[in-house]
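The following exercises are to be worked through with the sequence and the structure at hand. Each task is followed by a solution in steps.

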Amino acid sequence: MPVAGVPVTAHMLARARDAGIDRVVLATSYRAEVFEEYFGDGSAHGLELEYVTETEPLGTGGAIRNVAGRLRGGPDDPVVIFNGDILSGLDIQALIRRHAAADAAVTLHLTEVSDPRAFGVVPVDADGRVTEFLEKTPDPPTNLINAGCYVFRRSVIDSIAVGRPVSVERETFPALLAAGTPVMGYPDSTYWLDLGTPAAFVQGSRDLVTGRMASSALPGPVGDCLVLAGAVVAADAKIGGGATVGARARVGAGAAVDGAVLFDGAVVESGATVRDSVIGREAVIGPGVVLDGVVVGDGAVIERGNELRAGARVFPGAVLTAGAVRFSSDRT
């Protein structure tokens, strides 16, 4: 999925490379082939890449164990692990230093959120040692959550059960605590965003384009918008708010694109307004259409006079005929 013009994985690999990591194993499952097709051996991204595919879902711990045979370090060496759907400004080298200084089995990146009930929360003591793992509890004792980046001692990975689903949050980490093994937290207040919803996807793209979240993989300068090669934008169109206009996309006269993500080949015709939305590849947004907080699938067509807001979804290839849907009053 292109976030600010390139796949979110490209931003993550760039951060790993910039932190001094030179070899990455991608643990893949669904549509595994698209990763290798895009990233190849990693040389174009300044990395050595390998790929391991789960034929059956193995859970967070099983996926980590599944790549153990591709790791080259010794039993006490650190292995950095990233969840694939997180944008983060974490200082990765600082996390590794924390892990080494504490001689920890695992060190977790922790971040504060305003409402931790939807996340796994991780209480720590005064020394930063993790005391408990609580998954999605209705009354969490802390707003520190598991932020999806870890440093594992290699021997811990080798100890995870083979060939079955394992959850690090529900099985591996609690077992380490029960055995008295040091598991450390690294609270951090830099940028962090879980891209798991369309609204977060749009926000992440916008934050990368405007420079709120730095990435050396950004395919253009930081600014109010990102317009990729081959895109055509009318002189009087208004593009801003961190919007991305994909390659070969077209924005017509008098149209406004504010904070939205237009995938490659998308068309926004004259006078249309697209705000905080995702417009799929080759989708067509007709003249005068208004979209606000909407996801439009690849190849869909929304003809003139439609108005969609508040989380509406238009599936790939669908056609909304002229004036079919309106959210506001017809009265003028």
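**Exercise 1: A parallel pair of strands**

Strand β7 (residues 106–112) and strand β11 run parallel and are joined by five bridges. This structure is a predicted model.

Task: Identify the bridge partner of His109 in β11, and determine whether β11 is largely enclosed or left open.

Solution. Step 1: His109 has Tyr186 as its bridge partner in β11. Step 2: Strand β11 covers residues 183–187, and four of its five residues are buried. Step 3: Because four of the five are buried, β11 is largely enclosed by the rest of the structure.

**Exercise 2: An open sheet**

Task: State the order of the six strands in the open sheet, and explain why one side of β14 and of β29 is without a neighbour in the sheet.

Solution. Step 1: The order of the strands is β14-β17-β20-β23-β26-β29, with parallel pairing. Step 2: At the edges stand β14 (232–233) and β29 (319–320); each has a single partner strand, so one side of each lacks a neighbour in the sheet. Step 3: As an example of the pairing, strand β17 (residues 250–251) is parallel to strand β20 (residues 267–268), with two bridges between them. Here Arg250 stands opposite Val267 in β20.

**Exercise 3: A histidine and the loop that follows**

Task: Classify His99 as buried or exposed, and do likewise for Asp103.

Solution. Step 1: His99 belongs to helix α4 (residues 92–102). Step 2: The relative accessible area of His99 is 6%; a residue counts as buried under 20%, so His99 is buried. Step 3: Beyond its neighbours within four places in sequence, His99 has contacts that include Pro78, Ala104, Val106, Val151 and Phe152. Step 4: Asp103 lies in the loop between α4 and β7. Its relative accessibility is 56%; the limit for an exposed residue is over 50%, so Asp103 counts as exposed. Step 5: Asp103 is not a glycine, yet has a positive phi of about 50°.

Arg31, in the loop between β3 and α2 (33–39), may be treated in the same manner. Arg31 also has a positive phi, of about 45°, without being a glycine. With a relative accessible area of 48%, Arg31 is partly exposed.

**Exercise 4: The cover of a helix**

Task: Name the buried residues of helix α3 (residues 59–66), and list elements that cover them.

Solution. Step 1: The buried residues are Gly61, Gly62, Ala63 and Ile64. Step 2: Their cover includes the strands β3 (23–28), β5 (78–82) and β10 (144–153). Step 3: Helices α5 (154–159) and α6 (168–178) are also among the covering elements of α3.

**Exercise 5: The chain as a whole**

Task: Decide how the radius of gyration of the chain compares with the globule rule, and describe the division into domains.

Solution. Step 1: The chain contains seven helices and 29 strands. Step 2: Its radius of gyration is 22 Å, close to the 20 Å given by the globule rule for 332 residues; the chain is therefore as compact as a globular protein of that length. Step 3: Buried residues account for 48% of the 332 residues. Step 4: The chain is divided into domain 1 (2–194) and domain 2 (224–320), whose C-alpha centres lie 35 Å apart.

Conventions:
Residues are numbered from 1 along each chain as its sequence is written. This is a predicted model: local features need pLDDT of at least 70, side-chain atom pairs count only at pLDDT 80 or more; totals for chains, interfaces and linings use all residues. Side-chain values use heavy atoms; hydrogens and water are left out. Buried means under 20% relative accessible area, exposed over 50%, partly exposed in between (1.4 Å probe, protein chains only). Contact means heavy atoms within 4.5 Å. Two strands pair if DSSP finds at least two bridges between them. Domain bounds come from an automatic or database domain assignment. The radius of gyration is taken over C-alpha atoms; the globule rule is 2.2 Å times the number of residues to the power 0.38.
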